[in-house]
Amino acid sequence: MPSTSVIPVEPGVSPEAACQLTVNPFTAHLLMRDIALDPGDTLLLTAGASAVSRMVIHLASKRGLRCLPVVRRRGQARALARLGAQPLTVSSADALAEAVRGTPGHGQVGMVLDAVGGALGDAALRCLRPAGRFISYGMLSGHPLSIHPDDLVFRQVSLQGFWLPARMEHLGEKELSSLTREVQDAVVCGLPGLEVAERHDLTDFGCALDRAMRPGRDGKVVLTG
């Protein structure tokens with residue numbers, strides 16, 4: 001294995017957390033670097049109960065940002081509220097704008113982190129304030145966004161995509177080393193989103209894959225051996 005493909009694991013990082021380090025925690029920390037918001041500004045997150053969203057909420061709350069994660073179930077909302085967020089439970093994309101307007105202390109949304117696309121992503125885009133920023137980092141719905149020139153020209157909304165492998169390629173050795181320490185320090189200090197729901201032996205990978213594909217889990221399915 002090339003040394004560039006290996007991450008030395010710091011004391012305090014469990015094997016179950018270490019096996020999850022290279023995707024979601026790095027994504028959350030790099031997204032946070034793109035969030036140019038001031039304390040008190042509002043961040044809207046689709047797929048609000050995902051591991052990445054929970055990590056971002058944890059990190060953003062420490063910066064004094066107001067997080068509005070979008071979820072479909074009340075149980076998800078309760079868990080996110082404990083992280084300091086103001087979750088929005090909506091049954092359809094059409095209900096999102098009204099839910100945002102109805103939040104206590106509503107302020108205009110300064111940035112959207114969208115992992116869904118489709119109708120929900122479109123609705124989140126419409127919630128942005130003028131000159132707000134929209135970052136697309138996932139396509140869970142399987143449907144494209146509908147971008148209107150009015151949003152770009154008259155409302156001066158900016159859109160960009162985020163893909164972890166491409167972003168990592170632009171990091172120098174020192175920057176990557178610093179980011180890795182930052183991620184592991186956050187894990188040691190209790191970064192959420194690394195919870196384990198089930199453990200399966202490597203020989204039981206078929207069952208593990210089946211369980212991982214089922215919705216409603218409260219953590220990851222981990223293979224051990």
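A residue counts as exposed when its relative accessible area is over 50%, as buried when that area is under 20%, and as partly exposed in between. Keep those words in mind as you explore this structure, which is a predicted model. A131 makes a good starting example: its relative accessible area is 53%, so A131 is exposed. This residue sits in strand β5, which covers residues 128-136.

**Two residues with positive phi**

A131 has something else to show you. Its phi angle is near 70 degrees, a positive value in a residue other than glycine. Q156 is another case, with phi near 55 degrees, again positive in a residue that is not glycine. While A131 belongs to a strand, Q156 is found in the loop between α7 (149-153) and β6 (158-161).

**Helix α2 and its surroundings**

Now turn to helix α2, residues 24-34. Is this helix largely enclosed by the rest of the structure, or largely open? It is largely enclosed, because 10 of its 11 residues are buried. The buried ones are N24, P25, F26, T27, A28, H29, L30, L31, M32 and D34. R33 of α2 is partly exposed, with a relative accessible area of 35%, and we will come back to this residue below.

Which helices pack against α2? Two packed helices are described by the angle between their axes and the distance between the axes. Let us take α3 and then α9.

Helix α3 spans residues 51-62, and its axis comes within 9 Å of the axis of α2, the two crossing at roughly 45 degrees. An angle from 65 to 115 degrees would count as roughly perpendicular and one under 35 degrees as roughly parallel, so α2 and α3 are oblique to each other. Their crossing is right-handed. On the α2 side, the contact is made by N24, P25, T27, A28, H29, L31 and M32, and on the α3 side by A51, V52, M55, V56, L59 and A60. Sorted by class, this contact has 10 nonpolar and three polar residues, with no charged ones.

Helix α9 meets α2 at an angle of about 110 degrees, and the axes are 10 Å apart. These two helices are therefore roughly perpendicular to each other. This crossing, too, is right-handed. From α2, the residues in contact are P25, F26, H29, L30 and R33, while α9 contributes E175, L176, L179, T180, E182, V183 and A186. The class count here is seven nonpolar, two polar and three charged residues.

**Charged pairs**

Side chains of opposite charge can pair when their charged atoms come close. How many salt bridges does a search of the whole structure find? The count is nine. Three of them are listed here.

| Salt bridge | N to O distance |
|---|---|
| E175 and R33 | 3.3 Å |
| E182 and R33 | 3.3 Å |
| R214 and D210 | 2.8 Å |

R33 appears in two rows of the table, pairing with E175 and with E182. E182 lies in α9 and R33 in α2, so their pair ties together parts that are 149 residues apart in sequence. The salt bridge between E175 and R33 also links distant parts of the chain, with E175 in helix α9 (residues 173-188) and R33 in α2, 142 residues apart.

How accessible are these side-chain partners? E175 is partly exposed at 37% relative accessible area, and E182 is partly exposed at 35%. In the remaining pair of the table, R214 and D210, the labels are alike: R214 counts as partly exposed at 42%, and D210 counts as partly exposed at 37%. Salt bridges that share partners join R33, E175 and E182 into one network.

**Helix α6 and residue R73**

Helix α6, residues 118-126, is another helix largely enclosed by the rest of the structure, because seven of its nine residues are buried. These are G118, L120, G121, D122, A123, A124 and L125.

Finally, find R73. Where does it lie? R73 is in the loop between β2 (66-71) and α4 (74-81). With a relative accessible area of 41%, R73 is partly exposed. Leaving aside neighbours within four places in sequence, R73 is in contact with T89 and G216. The C-alpha atoms of R73 and L88 are separated by 9.4 Å, and these two residues are 15 apart along the chain.

Note on methods
Residues are numbered from 1 along each chain as its sequence is written. This is a predicted model: local features need pLDDT of at least 70, side-chain atom pairs count only at pLDDT 80 or more; totals for chains, interfaces and linings use all residues. Side-chain values use heavy atoms; hydrogens and water are left out. Buried means under 20% relative accessible area, exposed over 50%, partly exposed in between (1.4 Å probe, protein chains only). Helices (H or I, at least four residues) and strands (E, at least two) are DSSP runs, numbered from the N terminus. A salt bridge is a side-chain nitrogen of Lys or Arg within 4 Å of a carboxyl oxygen of Asp or Glu. Axes are lines fitted to C-alpha atoms, for helices over the stretch in contact, and angles run from 0 to 180 degrees between N-to-C directions. Angles under 35 degrees count as roughly parallel, over 145 as roughly antiparallel, 65 to 115 as roughly perpendicular and the rest as oblique. A crossing is left-handed if the near helix is turned anticlockwise from the far one by less than a right angle, and right-handed if clockwise. Contact means heavy atoms within 4.5 Å. Ala, Val, Leu, Ile, Met, Phe, Trp, Tyr, Cys and Pro count as nonpolar, Asp, Glu, Lys and Arg as charged, and the others, Gly among them, as polar.
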